[in-house]
Amino acid sequence: MSKSEIKRVYIVRPERKSFQRHLSKELGSKSKGNTRINTQVLIVKTFEELYQYIKQRNLTIDFGGTLQHDFRAWLAVQKMLTQYYLLVNNVTTSSTDVLHRIRDLTSGELGTRTPEKNTEHAQRKRLRNIEKKKIEILRRYSFTKAEEDGQRLHSYFQDPKLNENFQSLSKSPVYVLDKARFQQYYRKILAVRDSIEHAWKEGVGKMKSLASEQELYDRLIE
């Protein structure tokens, strides 16, 4: 995630003189203590003066503009999205290890070398045990959580009415940007899921093939 830099800050000067003095003091101390800050601070007296720099359609209703933007809802959504993005990054980083473990699970055969135990029931039982281990691996590496959280957030973006904060934010222009960025991360999880499922199906297919070959061999030597 790239860092953003604030180029300019606009401050509407408070009416109370005590606030004005406090503001001047704070701005003075900030400028002296941080010589590397490139942010330009402009103080305006009224909202009308602010409109000379920022169009009203880009200002929220609180500042006399027409932009519909719920800041609290935006913060709540950003918190959820940021946590999800970090989770996705961690999961995708460990996806290679997960694939190795899945392949290790399915590297054997479903049958046994004892004819009476090499039954369809025994094969199904072993497959169920391997599936349980697979589920545990996915949980241990937080893949299950990433997939569930992704599905939940995806449903919120598809139907904002499912979540109060998403519903409030859906009226803001930033909603489209947040949705587009989320889709990028969600596609990463879907890609990892597809890779895991492909490795799993491929491994199980080989196990069943080996079991069939072993069963045929057992019958031939009887």
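**Helix pairs, a nonpolar core and salt bridges**

Being 3 residues apart in helix 6, Arg152 and Asp149 are separated by about one helical turn. In this predicted model, the two side chains form a salt bridge, with the closest N and O atoms 3.3 Å apart. Their surroundings don't match, though: Asp149 is buried, at a relative accessible area of 13%, while Arg152 comes out at 33% and counts as partly exposed. The pair isn't on its own either, since salt bridges with shared partners tie Lys145, Asp149 and Arg152 into one network. As for the background, side chains of opposite charge can pair when their charged atoms come close.

Stepping back to the fold, the protein chain holds 8 helices and 2 strands. Read from the N terminus, the order of the elements is β-α-β-α-α-α-α-α-α-α. Of the 222 residues in the protein chain, 28% count as buried. The exposed surface of the chain adds up to about 15800 Å², and carbon and sulfur atoms supply 50% of that. Contacts reach far along the sequence: taking those between residues at least 6 apart, 72% join residues at least 24 apart.

Next comes the nonpolar interior. The largest nonpolar core has 34 residues, and the members touching the most others are Tyr84, Phe182 and Ile196. Two or more residues come from each of helix 3 (71-93), helix 4, helix 5 (120-140), helix 6 (143-158), helix 7 (164-169) and helix 8 (174-221). Helix 8 gives the most, with 11 residues. Phe182 is worth a closer look. Setting aside neighbours within four places in sequence, Phe182 is in contact with Leu81, Tyr84, Tyr85, Gly150, Leu153, His154 and Phe157. One of these partners, Tyr84, is listed with Phe182 among the three core members that touch the most others.

Helix 4 makes a neat case of sidedness. Within this helix, which spans residues 95-105, the buried positions are Ser95, Val98, Leu99, Ile102 and Leu105. These five cover an arc of only 120° around the axis, so they sit on the same side of helix 4. The general rule is simple: an α-helix has 3.6 residues a turn, so residues three or four places apart point the same way.

Helix 4 carries a charged pair as well. The side chains of Asp97 and Arg101 meet in a salt bridge, at 3.8 Å from N to O. Both residues lie in helix 4, 4 residues apart, or about one turn of the helix. Neither end is buried: Asp97 is partly exposed, with a relative accessible area of 36%, and Arg101 is partly exposed too, at 34%.

The bridge between Lys134 and Glu197 has its closest N and O atoms 3.2 Å apart. This pair links distant parts of the chain, with Lys134 in helix 5 and Glu197 in helix 8, 63 residues apart. Lys134 counts as buried, at 11% relative accessibility, whereas Glu197 is partly exposed at 28%. The cut-off for buried is under 20% relative accessible area, so Lys134 falls on the buried side and Glu197 does not. In total, the count comes to 5 salt bridges. Among them are the contact within helix 4, the one within helix 6 and the link from helix 5 to helix 8.

Methods: Residues are numbered from 1 along each chain as its sequence is written. This is a predicted model: local features need pLDDT of at least 70, side-chain atom pairs count only at pLDDT 80 or more; totals for chains, interfaces and linings use all residues. Side-chain values use heavy atoms; hydrogens and water are left out. Buried means under 20% relative accessible area, exposed over 50%, partly exposed in between (1.4 Å probe, protein chains only). The arc is that of the directions from the helix axis to the C-beta atoms. Contact means heavy atoms within 4.5 Å. Accessible areas come from the Shrake-Rupley method with a 1.4 Å probe; for residues, only the protein chains shown count as cover. A nonpolar core is a set of buried Ala, Val, Leu, Ile, Met, Phe, Trp, Tyr and Cys residues joined through side-chain atoms within 4.5 Å. A salt bridge is a side-chain nitrogen of Lys or Arg within 4 Å of a carboxyl oxygen of Asp or Glu.
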